[in-house]
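Student: I would like a close look at a single part of this protein, set against a short account of the whole.

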Amino acid sequence: MSICYGNHQLVFVSPPKPPKFSYHRKSLLRVQFGDAVKWDSSHFSYSFSSHKPIWGHGYLVRAASAASSGPLSGSGAEYSEQLQGTQPKEKTKRIAGIDQEEIDDPTLLADSDSCFCEFNGVQIHHKISDAELSALDTIKEGLALQSTNYPKRVHYPVILLHGFGASVFSWNRVMKPLAQVSGSKVLAFDRPAFGLTSRVDAVKHPSPNNQDTCPFNPYSMMFAVLATLYFIDFLAAQKAILVGHSAGALVAVDAYFEAPERIAALILVAPAILAPFAKQNVVKQNQARINNQVQNSSDSNTRWNLFSRLSSMLAKFTKYIAEAIVNMVTGMADMINSLYKKALSAILRSAFGLMLIRMIIDKFGIAAVRNAWYDSSQVSDHVLQGYTKPLKVKGWDKALVEYTIAMLTDSASKLKQPLPKRLHEISCPVLIVTGDTDRLVPSWNAERLSRAIPGSCFEIIKNCGHLPQEEKPEEFLSIVDKFLQRVFGAAEEPRLQAVST
């Protein structure tokens, strides 16, 4: 339905249901066309009555001009803009100072040296540095060699594993120098939920065997471990040296236990691994010794005392009953724990959970990066941009939720012995490096961890926080260089030195 007013036309379209007008009052519709703000019935080619509310018929008035006219201004312009259905452009939301551009394809944010490969349906972002190719680049970035000879010092490639909330960017300052220190290829990749690796639906993601009944969670620890082993094959190597930072150290150690024959050495940087208490092991050993002595004494006495034998049988029967009760209680606890995890997963996947994740990253993301450094004033805008750039990728919040859920509900870890109890089984060379002022993972935990791993080396960097490879790159490289020389028997070769600028 339309009404003509001179060269202008009023068009009626169906809108969302608006507030109702009163039936007891005559309503006068007033639309502003430039300077014409008064009604003149002689200009109407179609008349209508306003005794009944126009909204009752489900119509909205939209103005259309047949002749060119000046732009509307003031409140009339805003009102007519709303009538025409054009909403003002919303401002882009910002999280941690980054515009939420919702980029579907992470490759659009990639660097010139970025690479992508597919592993089990996930596009994994990675970078590779070669000793010879990165020599000139290393010199340009402020590091130089005393010699131009670059022999192959280590026969194994190096794979770098970043920590929680980080990415390949966290190895930016040491990746190319490490390639020269080792004389081999160095590869770093973004684990799912971080960096520029694609965000996928954890629920709908297919398993490696294409079994839809048991989807393979790309955000699980097992996926990270298998991806690490995949890159060893990707580099056409039998073994590799794994360098894990923070939570990446956990991936490195789990990869060792998954395939110890594929790991040449482990370098754990500020490892987020809870070290076992040595005193507890001593107490348990002493208690076991006492129990054995008591048991032996009890066995010898029962041979001569019938009452003691009956008591022993009763004790065993009681023990079986107690074990049955404990198993029943444990089963109930597991059921309750399972229900709790399901409820927690549902909450985290809800709109509230996503809002909570976004709020946490917005309020504490940049502060966490600064807090990871010993001297937060040294954190440049370039560093902050490197850590926050992945927030432009669409679905980063959902991926972070899925990663959190995977860590809290990791069913594969239940089938294995707790990691702190297995550390003594590590037989490959191990180096542990940490900063003396690490506020996230205390240095005393790293020192205790080195005591739990037989033959491991422990190095501490002074005036350094949670990111030695970023805050003290030269000292970090020097420590790694010495470790590789000692372990692999390399002769004295050119070492990296800082160039004064």
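How many helices and strands does the secondary structure of the protein come to? After that, please take the contact between helix H8 and helix H9 in detail.

Tutor: This is a predicted model. Its secondary structure comes to 13 helices and 15 strands. The protein has 501 residues, and buried ones make up 41% of them. Of the contacts between residues at least 6 apart in sequence, 76% join residues at least 24 apart. The exposed area of the protein is about 28900 Å², with 55% of it supplied by carbon and sulfur atoms.

Now the helix pair. Two packed helices are described by the angle between their axes and by the distance between those axes. Helix H8 covers residues 351-371 and helix H9 covers residues 381-388; their axes come within 11 Å and cross at roughly 125°. H8 and H9 are therefore oblique to each other, since the angle falls neither within 65 to 115 degrees nor over 145. The crossing of H8 past H9 is right-handed. On the H8 side, the contact is made by Ile366, Val369 and Arg370, and on the H9 side by Val383, Leu384, Tyr387 and Thr388. By class, these contact residues divide into 5 nonpolar, 1 polar and 1 charged.

A second site, for reference, is serine 246, in the loop between strand E11 (240-245) and helix H5 (247-258). Serine 246 has a relative accessible area of 10%, which is under the 20% cut-off, so this residue counts as buried. Apart from neighbours within four places in sequence, serine 246 is in contact with Gly163, Val269, Ala270, Pro271, Ala272 and His466.

Note on methods
Residues are numbered from 1 along each chain as its sequence is written. This is a predicted model: local features need pLDDT of at least 70, side-chain atom pairs count only at pLDDT 80 or more; totals for chains, interfaces and linings use all residues. Side-chain values use heavy atoms; hydrogens and water are left out. Axes are lines fitted to C-alpha atoms, for helices over the stretch in contact, and angles run from 0 to 180 degrees between N-to-C directions. Helices (H or I, at least four residues) and strands (E, at least two) are DSSP runs, numbered from the N terminus. Angles under 35 degrees count as roughly parallel, over 145 as roughly antiparallel, 65 to 115 as roughly perpendicular and the rest as oblique. A crossing is left-handed if the near helix is turned anticlockwise from the far one by less than a right angle, and right-handed if clockwise. Contact means heavy atoms within 4.5 Å. Ala, Val, Leu, Ile, Met, Phe, Trp, Tyr, Cys and Pro count as nonpolar, Asp, Glu, Lys and Arg as charged, and the others, Gly among them, as polar. Buried means under 20% relative accessible area, exposed over 50%, partly exposed in between (1.4 Å probe, protein chains only). Accessible areas come from the Shrake-Rupley method with a 1.4 Å probe; for residues, only the protein chains shown count as cover.
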